[in-house]
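Biologist: I would like to learn how to read a structure like this one, feature by feature. Could you walk me through it?

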Amino acid sequence: MLQIIHYTKQYTPGGKKAVDDLSLHIRPGEIYGFLGHNGAGKTTTIKACCGILNFTEGEILVDGMSVKKQPLECKKIMAYIPDNPDLYEFMSGIQYLNFMGDVYKVPADIREKHIAEYAGDMGITEALADKVGSYSHGMKQKLAIVGALMHEPKLLIMDEPFVGLDPKAAFILKKFMRKFCDNGGAIFFSTHVLEVAEKLCDKIAIIRGGILLADGDIETVKGNESLEEVFLELVDDIKVDEDQDREGGKNA
Amino acid sequence: MKIRTGKVERMLKILLKTRMLALLDRFSGSKDGKKAISAGRVAGLLLCGLVLAGLVGWVLSLVCRPICAGFSQNGVLWLYYALAGGVAFLLSFLMTMFYAQGSIFEAKDNEMLLSLPIPPRAILVSRIGTLYLLNLIITAIVVGTAGIVHAIMFGASFIGVVIVILCILLLAMIATTLSCLLGWLVSLATRRMRRKALFSVVLSLVFLAAFYFVMWGDIQGTLNSMMANSAGIADIFRGPLYPFYAMGRAIADHDFVMLLIFAAVCIVPFALVFIALTASFVRIVTTKVGAKRLEYKAKAVKQTSVIWALAKKDLIRLGNSSTYMLNAGLGLLFSLILGVGTLFAGNAIIDFLLERFANLSNTNTEIAPYLVAVLLSFFAGYCSIASAAISVENKNLWILKSTPVTANEVLKSKLLSHLVPAVLVSLVSSLLIVIAMPMNGLEILAVFLMPLAAHLFCAHVGLIINLYFGRTDFPDDAKAVKGSVTSLIPTFLTFGLAVLPSILYFTVLGKQGIPISTPILAMTGLLLVLDLAMFLFLGSKAAQKRWECVGQ
């Protein structure tokens, strides 16, 4: 569903590479977690996948179509939810959802069905008449999610989707993500919440300084350790067990 | 926790410095404070400010000279200073009222500052201090100019200079007090309001009208009648405008009792407002009384085209921001005023405008309809919706970039969001004028077609300039419209092309017997050709490629 092939991004010609030669393959039915510290290159990669940022080298394919050469066709079958949901604050929630429906050319009857279903699931139906500007961060996030689902995308790309969500909404989103992928969709999302990634993802990729450190099935990547231990070892060069052993030795 | 006095002073100093830098940043139009203001830039800005103040002072001195001479001769010099004080107060109050509302009661950093170990009083002092400084600058320019003119004409004593300086310092307090009070009231009134933008627009227009009345009113006529009836005006100042009377007497007669009275009138209300605000500042800025929540009722939705959905979104944005509305749509308001005014007041309003702006005292009725067309076209330049249309997307740009909308759809929708209100208002205004003024077919064509062509021109040029040179990193819509140079270029280009035919007619063509209809209709044709060329360009691959680069 999403193929990132030797993707490289430099913001300034000849400057530092924000992401260097990244290759990933997200297949239908997979929830793919993208892990890394702040500034590792996650958002840059995600924005390139959505056609927001162009890139220096490589290729990104959505359902076999090039994001560079056929951006509109790619955008029609995917949806993006940013980490900071900067929505149109001057619109009401329902105006925003209808706007998304119009932009994706969703027929009125399907739109109505989706609004009732997804907004209900996210618990924002009652607030749909209010201005987005009056929403809390979590409500904006929920509205962005509902808006992204209006056209039944095959690929969901999400940047830190759990930030600002209350436990109920996070639970519903996790359940939705699983259901979405079980029905043949694919999800590529970044997160800092390692527990969520460990429990939810089928595959993960860990990136540091724009370079891919590890990727693959979650079980293969983490082996017998916890994802947290593997992440810290790879990204921060911290040997959790050794440190603990040393602490233990000192205490003894 | 008690904070030591020394610490409070240090905090206050830091806060005041921050406010001053923010103010300089606002005037310099820097990239939303991302770059630190260097000492050189501060010096440059101050120099520009001084030159500007000097220019304004020079213009004011031309008005001051005859009044000073006349009132001095009549033995009512105090009235000269009282008038200067009144004008200074009015100007500073009108110019800082909305600043008070935004910077004291609705400042975005209020809660952040309150969470820091800074006493609320220090925050308030820093905010009121900045407001006072702004009022002081305006007051100093007006009253200072009045004082300098008087000194040049009749000489000055040391004590006189000291009294003038004291009065300037005191007078700025009155405007500050009233700005604070009105800002407070507006903030309270709009708290639960759903149509805040509309309320702000109406209020701003009232103040704008008052400001234009003070600045552009028939100053000379008013002055002449004042000179003739100085006794009557003096009585008004001795009555309801007593503070200005006291100020005038204190300066003109070196009357210390009057100076004390004036000081009391300025300081006591200022102190009372400051005490009241200090006591309630935390409550005012932390009480969240949002607008009443609306109940959502699912309604049948209607699918619309992508272009119309995008344009509708931009029109909703326009209708929800008073700053955007006022700055981007001022020309539409002027056109409507002209149309409605002509309908009710006949040619009087057009004669007035032509006399004031084109210096034509005996307007020939044959050329009047064409000059009205020029005037309406000129107002089209004041409409800068499209010239900020891409810049205002800033934080929301990701939506347009990540959804399947083409560059062509985005650019056409931006044109639509400008042209829907502009064309509508232009047609209504032209229709009202055609109803009110007797015209032949050619004149009617000019009154309808030239403003339309000008609106199309302004929209296309504005959008192209914004597409190529517009920034998308403005912190809010207001700054994208007000702080954008790309909004000014289309405005001035439209102004220039709108008035060019009349200039050509009055300087060259008219003398050669060529009727005014010729340059007007030629310009209309030229504008339409340019509009078509720009429309085609916006649909081209070059424009599409440029849109793809926006936000990269």
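Modeller: Gladly. Helices and strands here are DSSP runs, at least four residues for a helix and at least two for a strand, numbered from the N terminus. Keep in mind that this is a predicted model.

Biologist: How many helices and strands are there in chain A?

Modeller: Chain A has 10 helices and 10 strands. Its radius of gyration is 19 Å, close to the 18 Å that the globule rule gives for 252 residues, so chain A is as compact as a globular protein of that length. Along the principal axes, its C-alpha atoms fill a box of roughly 65 × 45 × 35 Å.

Biologist: And how many helices and strands does chain B have?

Modeller: Chain B contains 23 helices and zero strands. Of its 552 residues, 40% are buried, while in chain A the buried share is 48% of 252 residues.

Biologist: What do the contacts say about sequence separation in each chain?

Modeller: Take contacts between residues at least 6 apart in sequence. In chain A, 69% of them join residues at least 24 apart. For chain B, residues 24 or more positions apart account for 84%.

Biologist: Let us turn to sheets. In what order do the four strands of the open sheet in chain A lie?

Modeller: First the general idea: strands of a sheet pair through backbone hydrogen bonds, either parallel or antiparallel. In this sheet of chain A the order is β2-β1-β4-β5, and the pairing is antiparallel. At the edges stand β2 (17-26) and β5 (65-66) of chain A, each with a single partner strand, so one side of each has no neighbour in the sheet.

Biologist: How many bridges join β1 to β4 of chain A?

Modeller: Five bridges link β1 (residues 2-10) with β4 (residues 57-62) of chain A, and the two strands run antiparallel. To find the register, look at A:I5, which stands opposite A:E59 in β4(A). Then add the helix: α1 (residues 42-49) of chain A lies across β1, β2 and β4 of chain A, at about 120° to β1(A).

Biologist: Which residues have the most contacts inside the largest nonpolar core?

Modeller: They are A:C49, A:I157, A:I187 and A:F188, in a core of 155 residues. Helix α19 (residues 441-469) of chain B supplies the largest share of this core, 16 residues. Leaving out residues up to four places away in sequence, A:I157 touches A:I46, A:C49, A:C50, A:M78, A:Y80 and A:F188. Another core, of 57 residues, lies apart from the largest one and includes B:L79, B:L171, B:A175 and B:V285.

Biologist: Is B:A543 buried or exposed?

Modeller: The cut-off for a buried residue is 20 or more other C-beta atoms within 10 Å. B:A543 has 21 C-beta neighbours inside 10 Å, so B:A543 counts as buried. B:A543 lies in helix α23 (residues 541-549) of chain B. Beyond residues up to four places away in sequence, B:A543 touches B:A407, B:L411, B:L467, B:F537 and B:L538.

Biologist: Finally, how many residues of chain A are in contact with chain B?

Modeller: The count is 32 residues of chain A, in contact with 27 residues of chain B. On the chain A side, the elements giving two or more residues are α2 (71-77), α3 (93-103) and α4 (108-122) of chain A. The largest share, six residues, comes from α3(A). By type, the chain A side divides into 18 nonpolar, six polar and eight charged residues.

How values were computed:
Residues are numbered from 1 along each chain as its sequence is written. Chains are lettered from A and ligands numbered from 1 in the order in which they are written. This is a predicted model: local features need pLDDT of at least 70, side-chain atom pairs count only at pLDDT 80 or more; totals for chains, interfaces and linings use all residues. Two residues are in contact if their C-beta atoms, placed from the backbone, lie within 7 Å. Ala, Val, Leu, Ile, Met, Phe, Trp, Tyr, Cys and Pro count as nonpolar, Asp, Glu, Lys and Arg as charged, and the others, Gly among them, as polar. A nonpolar core is a set of buried Ala, Val, Leu, Ile, Met, Phe, Trp, Tyr and Cys residues joined through C-beta atoms within 7 Å. A residue is buried if 20 or more other C-beta atoms lie within 10 Å of its own, exposed if 12 or fewer, and partly exposed in between; C-beta atoms are placed from the backbone. The radius of gyration is taken over C-alpha atoms; the globule rule is 2.2 Å times the number of residues to the power 0.38. Two strands pair if DSSP finds at least two bridges between them. Axes are lines fitted to C-alpha atoms, for helices over the stretch in contact, and angles run from 0 to 180 degrees between N-to-C directions.
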